[in-house]
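New to this one? Here's a quick briefing to help you find your way around.

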Amino acid sequence: MQNLYAAVPAFRFWISVQFFGGTEAIKLSAKTRYAARILFYMAKHVMNEPISSNLLAAKTGISSQFIEQILRQLRLAGITGSVRGAKGGHILLRKPEELTFGCIVKLMEGGIELAGCLENPGNCSRFGDCAVRKAWESLQGTLDGALESITMEDLLRDKELFSAL
């Protein structure tokens, strides 16, 4: 059995392909999953009350170094901000109802593309005659819609999930 790992540069997510009866999987990076965890933790706390990287690390189980890398991207995108000083830390700049999983995935991964021909039709010699292209387009739309439909506010309202974290 052979495993091949191929990075899709424009979208930076990993596809794991196993041959000889194996499976194919699309998996979001740890950075994306951790960004969602960090944002959820920040969203469930008082807005504009700074949270230190050390506290985020303790509460989320993510290393402080990785948290800083992720927060830098979130800060550059205007999702979080930072406050200097003894009582400083990181703050959420967007309201939880404005933060969708689609937004997080687009920022951290560049998006998810199920089939390369959807973004760049010229890359596929069969694009015009492809019998399954419409299915890929439909699936892509469904995936994008699902990611955009779930917000941090939705998670905050989920009492079972909220109490677990």
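What follows is a short tour, from the whole chain down to a few single residues.

Keep in mind that this is a predicted model. The chain has 8 helices and 5 strands, and buried residues make up 33% of its 165 residues. Helix 1, helix 3, helix 4 and the hairpin of strand 4 and strand 5 get most of the attention below.

**The overall layout**

- Going along the sequence, you'll meet the elements in the order β-β-β-α-α-α-β-β-α-α-α-α-α.
- Take the contacts in the chain with a separation of 6 or more: 56% of them are between residues 24 or more positions apart.

**Helix 1 and its partner, helix 3**

- Helix 1 runs over residues 30–43 and has 14 residues.
- From its first C-alpha to its last, helix 1 reaches 20 Å, which is close to the 20 Å expected at 1.5 Å a residue.
- Plenty of helix 1 is tucked away: Thr32, Ala35, Ala36, Ile38, Leu39, Phe40, Tyr41, Met42 and Ala43 are buried.
- Helix 1 packs with helix 3 (residues 64–76) at an angle of about 80 degrees, and their axes are 10 Å apart.
- Angles of 65 to 115 degrees count as roughly perpendicular, so helix 1 and helix 3 are roughly perpendicular to each other.
- On the helix 1 side, the residues that meet helix 3 are Ala30, Lys31, Tyr34, Ala35, Ile38, Leu39 and Met42.
- On the helix 3 side, you'll find Phe66, Ile67, Ile70, Leu71, Gln73 and Leu74.
- Sorted by class, this contact of helix 1 with helix 3 has 11 nonpolar residues, 1 polar and 1 charged.

**Arg33, a residue of helix 1**

- Arg33 also belongs to helix 1, but Arg33 counts as partly exposed because its relative accessibility is 38%.
- If you skip residues up to four places away in sequence, Arg33 touches Lys27 and Leu28.
- Arg33 and Phe101 are 68 residues apart along the chain, with 9.8 Å between their C-alpha atoms.

**The hairpin of strand 4 and strand 5**

- Strand 4 (residues 80–83) pairs with strand 5 (residues 89–92) in the antiparallel sense, over 4 bridges.
- Look for Gly81, which has Ile91 in strand 5 standing opposite.
- The hairpin has 5 residues between the strands, and Gly85 takes a positive phi there, near 110 degrees.

**Thr80, in strand 4**

- Is Thr80 buried or exposed? Thr80 has a relative accessible area of 1%, so this residue of strand 4 is buried.
- Leaving out neighbours within four places in sequence, Thr80 is in contact with Leu39, Met42, Leu71, Leu74, Arg75, Ile91, Leu92 and Leu93.
- Two of those names, Leu39 and Met42, turn up in helix 1, while Leu71 and Leu74 sit in helix 3.
- Thr80 and Leu93 are 13 residues apart along the chain, and their C-alpha atoms are separated by 5.0 Å.

**Leu93, just outside the strands**

- You'll find Leu93 in the loop between strand 5 and helix 4.
- Leu93 counts as partly exposed because its relative accessibility is 47%.
- Apart from neighbours within four places in sequence, Leu93 is in contact with Gly78, Ile79, Thr80 and Gly81.
- From Leu93 to Gly81 the gap is 12 residues in sequence, and 6.3 Å in space, C-alpha to C-alpha.

**Helix 4 and its neighbours**

- Helix 4 covers residues 101–109, and its buried residues are Gly102, Cys103, Ile104, Val105, Met108 and Glu109.
- What do the buried residues of helix 4 pack against? Their partners are helix 1, helix 3, helix 6 (133–149) and helix 7 (152–157).
- Right after helix 4 comes Gly110, which has a positive phi near 90 degrees.

How values were computed. Residues are numbered from 1 along each chain as its sequence is written. This is a predicted model: local features need pLDDT of at least 70, side-chain atom pairs count only at pLDDT 80 or more; totals for chains, interfaces and linings use all residues. Side-chain values use heavy atoms; hydrogens and water are left out. Axes are lines fitted to C-alpha atoms, for helices over the stretch in contact, and angles run from 0 to 180 degrees between N-to-C directions. Helices (H or I, at least four residues) and strands (E, at least two) are DSSP runs, numbered from the N terminus. Angles under 35 degrees count as roughly parallel, over 145 as roughly antiparallel, 65 to 115 as roughly perpendicular and the rest as oblique. Contact means heavy atoms within 4.5 Å. Ala, Val, Leu, Ile, Met, Phe, Trp, Tyr, Cys and Pro count as nonpolar, Asp, Glu, Lys and Arg as charged, and the others, Gly among them, as polar. Two strands pair if DSSP finds at least two bridges between them. The expected span of a helix is 1.5 Å times one less than its number of residues. Buried means under 20% relative accessible area, exposed over 50%, partly exposed in between (1.4 Å probe, protein chains only).
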